[in-house]
Amino acid sequence: MPARRFSGDTLVIASHNTGKVREIAALLGAFVAHFPSAGELGLAEPDETETSFIGNAELKALAAATSSGLPALADDSGLVVPALGGAPGIYSARWAGPDKDFGLAMRLVQEELGDGDRAAHFVCALALAWPDGHAEAVEGRLHGRLVFPPRGDRGFGYDPIFIPDGYDTTFGEMDPQEKHGMSHRADAFRQLVERCFQA
């Protein structure tokens, strides 16, 4: 069955994170005129109870679409370390604790990993949902390796410990434009645009 195409001029961003809303609006600005956020619309944030990135992205997008009566887009992303059984994975934000302390999260990864294999990848799942319950989802990935101690103060989250394959600088040291051009999120958005936004 062919993918459903987005039509209209308004897309709800199912997030209360203003930085994420700005980033998504910039990536899809050529196709959509208005990007109200779940925060602006006063929509509740659903509990992320699924067991995969795509499952959680779909859950958030469907909740926002149903509540707002408009198409909605959500993402779910995180760091996957195979040597840790895929952790922190869908719990990447929770490893930072209630204060969103990613310094703590990176120390936990280092402690858990010890001398283990430092291969890792970032995942970004995007789900576009409609009020009738239909959803389209894609998943982007970027492979690399971990480095300790953290390096660089650009980016956010686990960026200072992640070096993408083919590079010798961490996302925390990299120019943001260079990072955005190759990231897991960029990969996912390329797939979503091709699937749902291009004629």
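Two residues are in contact when heavy atoms of theirs lie within 4.5 Å. With that in hand, a first look at this predicted model can start from how the chain meets itself. Of the contacts between residues at least 6 apart in sequence, 59% link residues at least 24 apart. Buried residues account for 45% of the 199 residues in the chain. As for overall dimensions, the C-alpha atoms fit a box of roughly 50 × 30 × 30 Å along the principal axes. The radius of gyration is 17 Å, which agrees with the value near 16 Å for a compact globule of 199 residues.

Next comes the layout of helices and strands. The chain holds five helices and five strands, and reading from the N terminus they come in the order β-α-α-β-α-β-β-β-α-α. The five strands build an open sheet with mixed pairing, in the order β1-β2-β3-β4-β5. At its edges sit β1 (12–13) and β5, each of which pairs on one side only.

One part of the sheet is easy to trace by eye. Strand β3, residues 119–129, runs antiparallel to strand β4, residues 135–146, and eleven bridges connect the two. Val123, for instance, has Arg141 of β4 as its bridge partner. The two strands make a hairpin with five residues between them, and in the turn Gly133 has a positive phi of about 95°. On to the next neighbour: β4 also pairs with β5 (residues 162–164), again in the antiparallel sense, this time over three bridges. Here Arg145 is found opposite Ile163 of β5. As a rule of thumb for looking at such strands, side chains in a regular strand alternate between the two faces of the sheet.

The loop between β2 and α3 deserves a stop of its own. Ser92 is found in this loop, ahead of α3 (102–113). Ser92 counts as buried because its relative accessible area is 4%, under the 20% cut-off. Beyond its neighbours within four places in sequence, Ser92 touches Gly78, Leu79, Phe102 and Tyr158. Lys100 belongs to the loop between β2 and α3 too, but Lys100 is exposed, because its relative accessibility is 54% and the cut-off is over 50%.

Some backbone angles also catch the eye. Most residues other than glycine have a negative phi, and most peptide bonds are trans. Lys100 is not a glycine, yet has a positive phi of about 55°. The bond from Ala87 to Pro88 is a cis peptide bond, with omega near -10°, and Pro88 sits in the loop between β2 and α3. Another cis peptide bond connects Phe148 to Pro149, with omega about -5°; Pro149 is part of the loop between β4 and β5.

Finally, there is the matter of pockets. The largest pocket has a volume of about 1,200 Å³. Its lining takes in 41 residues, and those nearest the centre are Asn17, Lys20, Glu48, Lys60 and Ala93. Two or more lining residues come from each of α1 (18–28), α2 (53–68), β2 (72–80), α4 (176–182) and α5 (184–197). Sorted by character, the lining of the largest pocket has 15 nonpolar, 13 polar and 13 charged residues.

Terms used
Residues are numbered from 1 along each chain as its sequence is written. This is a predicted model: local features need pLDDT of at least 70, side-chain atom pairs count only at pLDDT 80 or more; totals for chains, interfaces and linings use all residues. Side-chain values use heavy atoms; hydrogens and water are left out. Two strands pair if DSSP finds at least two bridges between them. Helices (H or I, at least four residues) and strands (E, at least two) are DSSP runs, numbered from the N terminus. On a 1 Å grid over the protein atoms alone, a cavity is a set of points where a 1.4 Å probe fits but cannot get out, and a pocket is an open set with protein on both sides within 12 Å along at least five of seven lines; lining residues have an atom within 4 Å of a point. Grid points are joined across faces, edges and corners, and a volume is the space filled by probe spheres set on the points. Ala, Val, Leu, Ile, Met, Phe, Trp, Tyr, Cys and Pro count as nonpolar, Asp, Glu, Lys and Arg as charged, and the others, Gly among them, as polar. The radius of gyration is taken over C-alpha atoms; the globule rule is 2.2 Å times the number of residues to the power 0.38. Buried means under 20% relative accessible area, exposed over 50%, partly exposed in between (1.4 Å probe, protein chains only).
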